[in-house]
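Visitor: I'm new to this structure and would love a close look at a single part of it. Could you pick one residue and walk me through its surroundings?

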Amino acid sequence: VRWANMSPDGRQVVYESLGKLWLKPNGAGAARRLTRGNDDSLEAWPSWSRDGRSIAFVSWTDAGLGRIMTVASGGGSPR
């Protein structure tokens, strides 16, 4: 587990594990994968928006190199 980052309201933590981003409630509860889509990319360095509605992160592939992406804090496909 790397780059853990607590949500602005303190209810959730986002982190990277095995190259993918995960979201876990603070305290009890199971972690779930935050993003859907390209399983070939490495996802790293998550950071919450100030309002807690989205998460920015770096997506990396050897072919496409690095890109800054965002995803809704509830999860989904990054853009």
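Guide: Happy to! Two residues are in contact here when they have heavy atoms within 4.5 Å of each other. Please keep in mind that this is a predicted model.

Let's look at Trp-48, which you will find in strand E5, covering residues 42-48. Is Trp-48 buried or exposed? With a relative accessible area of 10%, Trp-48 counts as buried, because buried means under 20%.

Now for the company that Trp-48 keeps. If we set aside the neighbours within four places in sequence, Trp-48 touches a run of residues from earlier in the numbering, Asn-5, Met-6, Ser-7, Pro-8, Gln-12, Val-14 and Leu-23, and also Ser-54, Ile-55 and Ser-73. Two of these partners deserve a second glance. Met-6 sits 42 residues away from Trp-48 along the sequence, yet their C-alpha atoms are 7.9 Å apart in space. Asn-5 offers its backbone oxygen, which lies 2.9 Å from a polar atom of the Trp-48 side chain.

For contrast, turn to Arg-79, in the segment after E7. Arg-79 is exposed, its relative accessible area being 66%. Leaving out neighbours within four places in sequence, Arg-79 is in contact with Met-69 and Thr-70. Its C-alpha atom is also 8.7 Å from that of Ile-68, a residue 11 places away along the chain. So you have now met a buried residue, Trp-48, and an exposed one, Arg-79.

Technical notes: Residues numbered from 1 in each chain as written. Predicted model: local features only at pLDDT ≥ 70, side-chain atom pairs only at ≥ 80, totals over all residues. Heavy atoms only, no water. Helix = DSSP H or I, 4+ residues; strand = E, 2+ residues; numbered from the N terminus. Buried < 20%, exposed > 50% of the residue type's maximum accessible area, 1.4 Å probe, protein only. Polar contact = N/O pair within 3.5 Å; in protein donor to acceptor, adjacent residues only side chain to side chain.
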